[in-house]
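Here are my notes on the model you sent over. Have a look at the sequence and coordinates first, then read on.

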Amino acid sequence: MEIAPLKGWVLDLVAHLDVACPGFAGAYLRASTERRQIIAAFMAAVRIGREGEREAAAMLVTADHRTILEHAFPTVPMGLRRALGKSGPQPHEPAYYRDLHQALLSGQRQVTAAIMQSPKLTPDRLAIITALPADLCDARIVHRVEARADAHDLTLVTSLLAERGIDRAEFIDALRRSTAPLKKVVQRWALQIPFPPHPIPAAKGYRPIRDGRELRKVALAYQNCSRRYTNASIVGENAFGEFTDDDSQTALICLQKHEDIWTLDGVYVRRNRQVAADLDKRAREFAARYGILERRYTTGSDDATAALKRFTRSVFDW
């Protein structure tokens with residue numbers, strides 16, 4: 001049988017037990033992946049005294065897998081052996097084995113199911129499974145979560161969607177049914193989040209943009225990148241509205257909030273071309289009637305830089 005290499009903390013213990021029971025190291029190195037992980041779990045759970053080293057080593061060489069686990073843990077939960085068999089050829093840190101045992105012992109059905117349905121287990125995968133709330137802890141979701149930080153973010157985003165009026169169960173069902181990356185699913189549902197109350201109410205000639213779906217349509221209609229402001233609009237840092245004057249000319253008004261004060265960030269037309277002077281004036285006057293201040297640039301400007309801004313607006317402003 002081929003001898004697999006070994007590294008990590010188990011190597012020191014294997015070498016130590018081989019002194020007490022010659023041949024133990026060779027038996028361990030020739031063992032199957034599952035048996036190596038079961039022995040590692042025993043070593044992580046049991047402190048072997050000097051006087052018991054020979055007896056422990058002999059047991060680890062000759063005993064079956066179930067017996068080794070029964071010596072390691074007071075209670076061996078269903079699925080532990082199978083989970084260890086999916087934990088790879090190399091031993092993990094001792095905490096992994098204790099955490100895996102505790103996760104299966106907890107009796108949380110969704111955790112046990114996710115562990116059993118995972119094609120392979122690692123400390124990171126186990127941490128993801130145990131970090132997710134019960135309704136998100138589903139194998140169809142878990143295997144698409146790439147890191148612990150992503151599990152944390154998904155939990156927060158799911159709660160945010162629910163707090164902003166999105167049906168939590170429907171969103172999670174969409175996550176389960178979709179085969180797309182989780183980020184794509186979240187992005188689609190984030191478009192449904194209602195924006196905070198608009199600083200200018202709906203009125204004749206003015207239509208506030210209410211959510212990301214509307215903002216996306218506006219971006220397509222105006223052929224600009226206003227949709228990049230979706231997140232800023234969700235948190236209330238920006239707001240958009242479509243203004244129509246008495247001559248049926250339309251423009252997109254972008255508002256920005258700074259220290260609880262709303263300012264007019266800009267008036268834009270299709271493809272960010274130069275706005276007609278009369279349309280620009282009417283849009284600004286309309287916003288001013290609702291207490292919207294003109295944005296003041298503190299960096300200083302002159303006619304030349306203003307002209308440059310007009311030429312490069314479509315490149316830099318959006």
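The points below go from overall form to cores, cysteines, salt bridges and a couple of single residues.

1. **What we are looking at.** Keep in mind that this is a predicted model. The chain carries 17 helices and five strands. Its radius of gyration is 31 Å, well over the 20 Å that the globule rule gives for 318 residues, so the chain is more spread out than a compact globule. Along the principal axes, the C-alpha atoms take up a box of roughly 95 × 40 × 35 Å.

2. **Burial, surface and contacts.** Of the 318 residues, 42% count as buried. The accessible surface of the chain is about 18,000 Å², and carbon and sulfur atoms own 52% of that. If you take the contacts with a separation of 6 or more, 57% of them join residues 24 or more positions apart.

3. **The largest nonpolar core.** Which residues touch the most other members of this core? Among its 71 residues, that would be L100, I115 and L154. Helix α3, residues 33-45, supplies the largest share of the core, with seven residues. For a closer look, try I115: once neighbours within four places in sequence are set aside, I115 contacts A83, K86, L100, A103, L104, L121, L126 and I129. So that list has L100 in it, itself one of the three residues that touch the most other core members.

4. **A second core.** There is also a separate core of 17 residues, and W262, V267, V269 and L279 are among them.

5. **Cysteines.** How many disulfides does the chain have? The count is zero. Take C225 as an example: the nearest cysteine sulfur belongs to C254 and sits 13 Å away, and C225 is in no disulfide. With the cut-off for a disulfide at 2.5 Å between sulfur atoms, that pair does not qualify. C225 counts as partly exposed because its relative accessibility is 25%. C21, on the other hand, has a relative accessibility of 14% and therefore counts as buried.

6. **Salt bridges: R81 and E34.** Side chains of opposite charge can pair when their charged atoms come close. In this model there are 14 salt bridges. One of them joins the side chains of R81 and E34, at 2.5 Å from N to O. This pair links distant parts of the chain, with R81 in helix α6 (residues 80-85) and E34 in helix α3, 47 residues apart. R81 is partly exposed at 43% relative accessibility, and E34 is partly exposed too, at 22%.

7. **Salt bridges: R177 and D173.** Here the N to O distance between the side chains is 2.8 Å. Why are these two separated by about one helical turn? Because R177 and D173 are four residues apart in helix α12, which covers residues 168-177. R177 is exposed, with a relative accessible area of 59%, whereas D173 is partly exposed at 32%. If you want a ruler across the model, the C-alpha atoms of D173 and R30 are 45 Å apart, with their positions 143 residues apart along the chain.

8. **Salt bridges: R207 and E242.** What sort of elements does this pair link? R207 is in strand β1 (residues 206-208) and E242 is in strand β2 (residues 238-244), so to speak two distant parts of the chain, 35 residues apart. Their side chains meet at 3.2 Å, N to O. R207 is partly exposed, with a relative accessible area of 36%. E242 has 18%, and since buried means under 20%, E242 counts as buried.

9. **A salt-bridge network.** Which residues are linked in a network of salt bridges? Look at D138, R140 and R176.

10. **T230.** Last one from me. T230 lies in helix α15, residues 230-234. Is T230 buried or exposed? It is buried, because its relative accessible area is 12%. Not counting residues up to four places away in sequence, T230 touches L191, F195, G212 and L215.

Methods: Residues are numbered from 1 along each chain as its sequence is written. This is a predicted model: local features need pLDDT of at least 70, side-chain atom pairs count only at pLDDT 80 or more; totals for chains, interfaces and linings use all residues. Side-chain values use heavy atoms; hydrogens and water are left out. A nonpolar core is a set of buried Ala, Val, Leu, Ile, Met, Phe, Trp, Tyr and Cys residues joined through side-chain atoms within 4.5 Å. Buried means under 20% relative accessible area, exposed over 50%, partly exposed in between (1.4 Å probe, protein chains only). Contact means heavy atoms within 4.5 Å. The radius of gyration is taken over C-alpha atoms; the globule rule is 2.2 Å times the number of residues to the power 0.38. Accessible areas come from the Shrake-Rupley method with a 1.4 Å probe; for residues, only the protein chains shown count as cover. A salt bridge is a side-chain nitrogen of Lys or Arg within 4 Å of a carboxyl oxygen of Asp or Glu.
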